[in-house]
Amino acid sequence: MKLGFVGTGAITEAVITGFMKSRSDIEAIIVSPRSQDIAARLATMFPIVRVGRDNQDVVDSADIVFLAVRPQIAEEVVKALKFREHQQVASFIATVPIESLTSWIGVPVTITRTIPLPFVAELRGATAIYPLNDEIADLFSSLGASVQANDLKQYNLFSAASSLMATYFGLLETSARWLEAEGMPYDQASIYLKGLFGGLCHATDASNEQSFEEMASEFSTNGGLNEQVFAEFKENGGTKALTLALDSVLKRIEQT
């Protein structure tokens, strides 16, 4: 199997790093030369990675082509390339629908949209995939897990959910700054919160079929502090604000 990456940014680096940890069936990986530092680093770290002469060399050399360019330049980059008929194309470009990619490519290829997240480098997290494609799903399953969307609506919902990352870190930052304001050094607060939330992530992984509501109950004593904080968070509009933000993001996604 030969993989090609048009666009060599942080997500491409994470995906390739994960593949190098989890796959033994990849013969070669060809990456774009544009992001020189990342491309050179990958080629130095992994013997099967080669920096392509240009983007067309990447497409010509690969069985599966991953499109990992910014949405703002996607049309210009993709239209300039010549793909082989029935070539596999996996897109990381969040806001570009399959219909647009099909028009830009101009020959019949198999296009799959994917949402790989940074932690695939550590073989963690789940990658959303649409439409159903077992070959692409198998690839991303080796990077943690893959979740195949049954339809575009479900894929858009996965995309909206992936926008929660900054909010997660924002919650940590708000908590750390509150602790700092109450007299705790910021670095000490950071260490404690990383341990707390890291432990919760581990508990989530081990929860099997438990719902999040059941987990919240398990980690809360009746009438205790955890129950109080979440109750006040809801009463002060926290859950409403989160729901409204997700509604807004989904609307933006569906309008692209």
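## Strand E4 and its neighbours

In this predicted model, Gly-4 stands opposite Val-65 of strand E4. The two residues belong to a parallel pair of strands, in which E1 (residues 2-6) is joined to E4 by four bridges. Val-65 also stands opposite Val-89 in strand E5. Here too the strands run parallel, and four bridges join E4 to E5.

In a regular strand, side chains point alternately to one face of the sheet and the other. Strand E4 is covered on both faces: Ile-64 and Phe-66 are buried on one side, and Val-65 and Leu-67 are buried on the other.

## The sheet as a whole

The strands described above belong to an open sheet of eight strands with mixed pairing. Their order across the sheet is E3-E2-E1-E4-E5-E6-E7-E8. The edges are formed by strand E3 (49-51) and strand E8 (145-148); each has a single partner strand, so one side of each is left without a neighbour in the sheet. From one strand to the next, the twist averages 25°.

Strand E5 (residues 88-91) also pairs with strand E6 (residues 110-115), in the parallel sense and over four bridges. Within this pair, Val-89 stands opposite Ile-111 of E6. Helix H5 (residues 98-105) packs on the sheet and touches strand E4 (64-67), E5, E6 and strand E7 (126-130). The direction of H5 makes about 135° with that of E6.

## The second largest pocket

The second largest pocket has a volume of about 910 Å³. It is lined by 37 residues, of which Pro-71, Phe-92, Ile-93, Ala-94 and Thr-95 are the closest to its centre. Several elements give two or more residues to this lining: helix H1 (10-22), helix H4 (71-79), strand E6, helix H7 (152-161) and helix H12 (238-254).

Sorted by class, the lining of the second largest pocket comprises 19 nonpolar, 15 polar and three charged residues.

## A buried serine in helix H7

Ser-159 is found in helix H7. Its relative accessible area is 12%, so Ser-159 counts as buried, the cut-off being under 20%. Leaving aside residues up to four places away in sequence, Ser-159 touches Ile-115 and Ile-253.

## Unusual backbone geometry

Most residues other than glycine have a negative phi, and most peptide bonds are trans. Three places in the loops are described here against that background.

The peptide bond from Tyr-130 to Pro-131 is cis, with omega near -5°. Pro-131 has its place in the loop between E7 and helix H6 (134-141).

Two residues that are not glycine have a positive phi: His-86, with a value near 70°, and Leu-123, with a value of about 60°. His-86 lies in the loop between H4 and E5, and its relative accessibility of 61% means that His-86 counts as exposed. Leu-123 is found in the loop between E6 and E7. At 32% relative accessibility, Leu-123 counts as partly exposed.

Key:
Residues are numbered from 1 along each chain as its sequence is written. This is a predicted model: local features need pLDDT of at least 70, side-chain atom pairs count only at pLDDT 80 or more; totals for chains, interfaces and linings use all residues. Side-chain values use heavy atoms; hydrogens and water are left out. Two strands pair if DSSP finds at least two bridges between them. Axes are lines fitted to C-alpha atoms, for helices over the stretch in contact, and angles run from 0 to 180 degrees between N-to-C directions. Contact means heavy atoms within 4.5 Å. On a 1 Å grid over the protein atoms alone, a cavity is a set of points where a 1.4 Å probe fits but cannot get out, and a pocket is an open set with protein on both sides within 12 Å along at least five of seven lines; lining residues have an atom within 4 Å of a point. Grid points are joined across faces, edges and corners, and a volume is the space filled by probe spheres set on the points. Ala, Val, Leu, Ile, Met, Phe, Trp, Tyr, Cys and Pro count as nonpolar, Asp, Glu, Lys and Arg as charged, and the others, Gly among them, as polar. Buried means under 20% relative accessible area, exposed over 50%, partly exposed in between (1.4 Å probe, protein chains only).
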